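User: I would like to go through this structure by question and answer, with the reasoning set out at each step. Please begin once the sequence and coordinates are displayed.

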Amino acid sequence: MEIEPVIGLEIHTELSTQSKMFCSCSTRFGSSPNTQVCPVCLGLPGVLPVVNEEAVRIGIKTCLALNCKINKYTRFDRKNYYYPDLPKNYQISQQYIPIGVDGWVEFEVGEEVKRVRIHNIHLEEDAGKNVHEEGKNFSLVDLNRAGIPLLEIVTYPDMHSMEEVNSFMNELRNILIYIGASNCKMEEGHLRFEANVSVRRKGDEELGPKVEMKNLNSFRSVLQALEYEIERQGARLRRGEPIYQETRLWNEEKGESFTMRFKEEAQDYRYFPEPDIPPLEIGKTWIEEIKATLPELPLKKKKRFIEEYGLSKKEAGILVEEKEISCFFEEVVKICPQPRLVVNWIMGPLMRELNERGLTIGESKLTATKLARLLEMVKENLITQTNAKYCLHEIFDSGEEPERIVEKRGWKQVTDVEEIEKMVREAIQKNPRAVEDINKGKKTAFGFLIGQVMKLSQGKANPGKVREILERELGKC
Ligand SMILES: [Zn+2]
């Protein structure tokens, strides 16, 4: 029996605001516990929350980027539950009138463009963090995270394979980074997922009972947890056993999920409108203003790179994968209008340097101008490819100008015909065996002679010219 999974995701993303959702405490990551707190985010009696305008602005921007309708009025609601990391005993969220609804995200899976619909996008605040130290019989609570703005993006169950889920998550992450909504640093918990999944016989219309998976803090855990769950449900379906609607917790270390609660035990959050915050009216002018700040999104940029610069799909894909790299590429091409040369250098030597040094392009000493001028020298045959790579390495080390490095190292390429002729004749004279082999039709000997000439020039002779002159000179032999 062929099984089809039906998958939807809820994505929690921490917004890149300076201050928290309802108070002016800092959102900085990694500070000492409970140093970024105030009466508001500690939930002390008598305080009043004040909405962070920047968080609402980012919320609207995300809704626009994900093609959502923006609600003219939006409102906050209280979600009531008790947990030690939630000092107010309720979380301020948006249950009834979220900021945006009915959107979609397009992304590529292989050759196809797929679309996942967005059910809604709503604003809320993060909870604190319980710290369980090993070997201790007590737990600690850090409330630095309590009140950090969160945007929750809820999709429809439109995904049916791991490839789709993976591509969707990547595209969404990219969009959030492109528009500056979130830094999406997984290791700092900027992106957290919950997944819901059911399985059905392929071709069936009806949905099976839905299982919610919680506690997914990386792309990898989403994919592993889903794979595990699809396998588990699929086996039950094949055996004719019932599948229960439940919430399961993913345990990354064990690679297993466990029942957290069944549907009957579902928590009643007793939602009601937040009495301390008036509804927000989101004016058309504000929406238009925010729309004007939307950058070109990754998928569109990829298409443009293919059309405008004649790049392959793969090349364009690698460039737009990181906003910074794609912008860097365009800056270089503006000065050195050789897109193919530039993309090869970015994908090859440049990315290798970045990986080895563990740097982003912005953190490195290489600028677009420096790379462009280096590549101009390559294009003009003023420096060999090999020496250009050494030069790039040195720019990464010292940040020095490429021309100065080439000058200092004596890497200026020899293109002077007479000078190369001299070296060619010397190589021929010193290697009579190789010449004999060439006359017998041995092609490798020709390569050997080119190598000898290059050696004589200390790697500075233009290889094209060497080949040309060597062929001519051998003809005379
Ligand atoms: Zn605070």
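User: Over how many bridges do strands β4 and β5 pair?

Analyst: In this predicted model, β4 covers residues 77–80 and β5 covers residues 90–93. Opposite positions include N80 with Y90 and D77 with S93. The two strands pair in the antiparallel sense, and the number of bridges is 4.

User: Which strands are at the edges of the open sheet that contains β4?

Analyst: This open sheet has 3 strands with antiparallel pairing, in the order β5-β4-β15. Two of its strands pair on one side only. These edge strands are β5 and β15 (272–273).

User: Are the residues on the two faces of β5 buried or exposed?

Analyst: One side of β5 carries Y90 and I92, while the other carries Q91 and S93. A residue counts as buried under 20% relative accessible area. Both faces of the strand are covered, and the four named residues are all buried.

User: What is the strand order of the open sheet of 9 strands, and why do β2 and β14 each have one side without a neighbour?

Analyst: The pairing in this sheet is mixed. β2 (69–70) and β14 (256–262) stand at the edges with a single partner strand each, so one side of each is left without a neighbour in the sheet. The order is β2-β6-β7-β10-β1-β11-β12-β13-β14.

User: Which residue takes a positive phi in the hairpin of β6 and β7?

Analyst: Strand β6 (residues 100–109) pairs with β2 in the antiparallel sense over 2 bridges, with I70 opposite G100. β6 and β7 (residues 112–125) also pair in the antiparallel sense, over 9 bridges, and F107 stands opposite K114. Their hairpin has 2 residues between the strands, and the residue with a positive phi near 60° is G110.

User: What is the phi of D102, and what is that of N381?

Analyst: Most residues other than glycine have a negative phi. D102 lies in strand β6 and counts as partly exposed at 39% relative accessibility. N381 is in the loop between α9 (368–379) and α10 (385–398), and is also partly exposed, at 36%. Neither is a glycine, yet the phi of D102 is near 55° and that of N381 is about 60°.

User: Which residue of β10 stands opposite E14?

Analyst: β1 pairs with strand β10 (residues 149–155) in the antiparallel sense over 5 bridges. The residue in β10 that faces E14 is L150.

User: What is the geometry of the zinc site?

Analyst: The protein donors are the SG atoms of C23, C25, C38 and C41, which lie 2.3 to 2.4 Å from the zinc ion. Along the chain these donors follow the spacing C-x1-C-x12-C-x2-C. Four donors count as tetrahedral if all angles lie between 85 and 135 degrees. The angles among the 4 donor atoms are 99 to 116°, and the site is tetrahedral.

User: How many residues apart are C25 and C41, and where in the chain do they lie?

Analyst: Both C25 and C41 are buried. Each is in the loop between β1 (3–14) and α1 (53–65), and the separation along the chain is 16 residues.

User: What separates the C-alpha atoms of T35 and N144?

Analyst: T35 also lies in the loop between β1 and α1. With a relative accessible area of 49%, T35 is partly exposed. T35 and N144 are 109 residues apart along the chain, and their C-alpha atoms are separated by 6.6 Å.

User: What is the volume of the largest cavity?

Analyst: The count comes to 2 cavities of 30 Å³ or more. The lining of the largest includes the zinc donor C41, along with Y90, E125 and G147. By class, this lining has 6 nonpolar, 1 polar and 4 charged residues. The volume is about 60 Å³.

User: What is the volume of the second largest cavity?

Analyst: Among the residues that line this cavity are C23, C41, K88, E125 and G147. The lining divides into 5 nonpolar, 1 polar and 3 charged residues. The volume is about 40 Å³.

How values were computed: Residues numbered from 1 in each chain as written. Predicted model: local features only at pLDDT ≥ 70, side-chain atom pairs only at ≥ 80, totals over all residues. Heavy atoms only, no water. Donors = N, O, S within 2.8 Å, 3.2 Å for Na, K, Ca; no water. Tetrahedral: all angles 85-135°; square planar, octahedral: opposite > 155°, others 65-115°. Buried < 20%, exposed > 50% of the residue type's maximum accessible area, 1.4 Å probe, protein only. 1 Å grid on protein atoms, 1.4 Å probe; cavity = no way out; pocket = protein on both sides within 12 Å on 5 of 7 lines; lining within 4 Å. Points joined across faces, edges and corners; volume = space filled by probe spheres on them. Nonpolar A, V, L, I, M, F, W, Y, C, P; charged D, E, K, R; others polar. Pairing = 2+ DSSP bridges.
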